[in-house]
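Trainee: Please take one strand of this model and go through it closely. I would like its burial and its pairing with other strands in one connected account.

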Amino acid sequence: MVRLVFVFSVLLAGLWCAEANRPVFCYYASWSHWRPENGAFNVTNINAHLCTHLLYAFFGIDEEGKVQILDPWLDLEDDFGIGNIRLFNELRLANPSLKTLAAIGGAHIESFLFSALAANPSARAAFAQNARSFCQEHGFDGVDIDWEFPGHHDGVDSSNDKTNFALMLQELATELHNYGLLLTAAVAASEPIASTAYDIPAIVPHLDFISLMTYDFNGAWNDVTGHNAPLHAGPSDQNDFQRMLNVEHSVNYWLRQGAPANKLLLGVPTYGRSLTLADREENGLRAPSVGPGPQGVYTREPGYIAYFEICFNFQPYSKWVRVWEVTQKVPYAFYNDQWIGYDDRESITEKCKFVIERGLAGAMVWTIDMDDFRGDCGPQFQLIQTLNVCLNR
């Protein structure tokens, strides 16, 4: 009898671990190779066991459905190129269970290209075939689509983008799944964009996973401070629109629209949004701001700063002040007239708990190369490691 109880307990534990072993998708921004000095991140910096799925960002498209390599010297080995794609997919030699995906699109690909492609039946079919052959040629396990965003662009008629996006995904899914390849998508999370961009019940059958971009809720485009990725609405959110700009509201919207929880990946940023305060004495949430903060030493984009740059602000004797917002469950920090809303180990633990409580599939990280990959402020990849521990990986 004791032996039966023991065996039953082991089986229960195994089932629990199998359910809790949620996927962690990590985007690799290939252009991080070109960051200066200690900010440069190469494929050789990637821990092959850190994520279940690695996504190579980004590849392009044209209106005829051809997949385009955007940095041939970095991606390929022609003309003594670096051969990043081969090196990236060879990470599976160190971790045979790792899956790699070719991410197509991104913020720098003109949205009207996707719109024109998706509106053309023959181009949709060609895109599906080209995407499949691209995976087979280069060794990817599937494709991730990052169209930013259907129905939100100029240049061509976007009125049918919502319908055409679903048709494009259907074509891709049929082709890719027939060859055992994955199809995923990164999507706008917030209701104001998602409600006009996606026919959610029409797209979810075709996708293996859906990565919610639950970040960039606030930034230097506003004239007040606001956190990049708050978990909940906060006491400083003064109107209905502001109260939609958080993780919880976005997830609830997707679930209400029919997205199954077991396909949704919660987006977790390894970067923050920085601003310049209008008055250094007003430094809380929704305090007046006058523009972006200065560019990071390595990421070199005003208002956008990697965690491996942020964490240096909290070394001993730093004058930066960290504040934990207890309702939104995220930190922000300020010093003089500079303000940053970011994620750290504490806030990522809270988001991980949310994934488990809501029964979501897992998490998505943007990006692996903006975590503290050198371990300058603590353990290497401390944010993604925190996520793994919480998700029981």
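Mentor: A residue counts as buried when its relative accessible area is under 20%. The model is predicted, and the part to look at is strand E9, residues 271-277. By that cut-off, seven of the seven residues of E9 are buried, so the strand is largely enclosed by the rest of the structure.

Burial can be followed on either side of the strand. In a regular strand, side chains alternate between the two faces of the sheet. Tyr271, Arg273, Leu275 and Leu277 point one way from E9, and all of them are buried. Gly272, Ser274 and Thr276 point the other way and are buried as well. Arg273 is thus listed with Tyr271, Leu275 and Leu277 on one side, while Ser274 and Thr276 go with Gly272.

Next comes the pairing. E9 is joined to strand E11, residues 304-306, by three bridges, and the two run antiparallel. Within this pair, Tyr271 has Ala306 of E11 as its bridge partner. With strand E14, residues 338-341, E9 pairs over four bridges, again in the antiparallel sense. Here the partner of Ser274 is Ile340 in E14. Strand E10, residues 289-292, is also antiparallel to E9 and is joined to it by three bridges. In E10, Gly291 stands opposite Thr276.

Read along E9, then, Tyr271 is bridged to Ala306 in E11, Ser274 to Ile340 in E14, and Thr276 lies opposite Gly291 in E10. Each of these three residues of E9 is buried.

Notes: Residues are numbered from 1 along each chain as its sequence is written. This is a predicted model: local features need pLDDT of at least 70, side-chain atom pairs count only at pLDDT 80 or more; totals for chains, interfaces and linings use all residues. Side-chain values use heavy atoms; hydrogens and water are left out. Buried means under 20% relative accessible area, exposed over 50%, partly exposed in between (1.4 Å probe, protein chains only). Two strands pair if DSSP finds at least two bridges between them.
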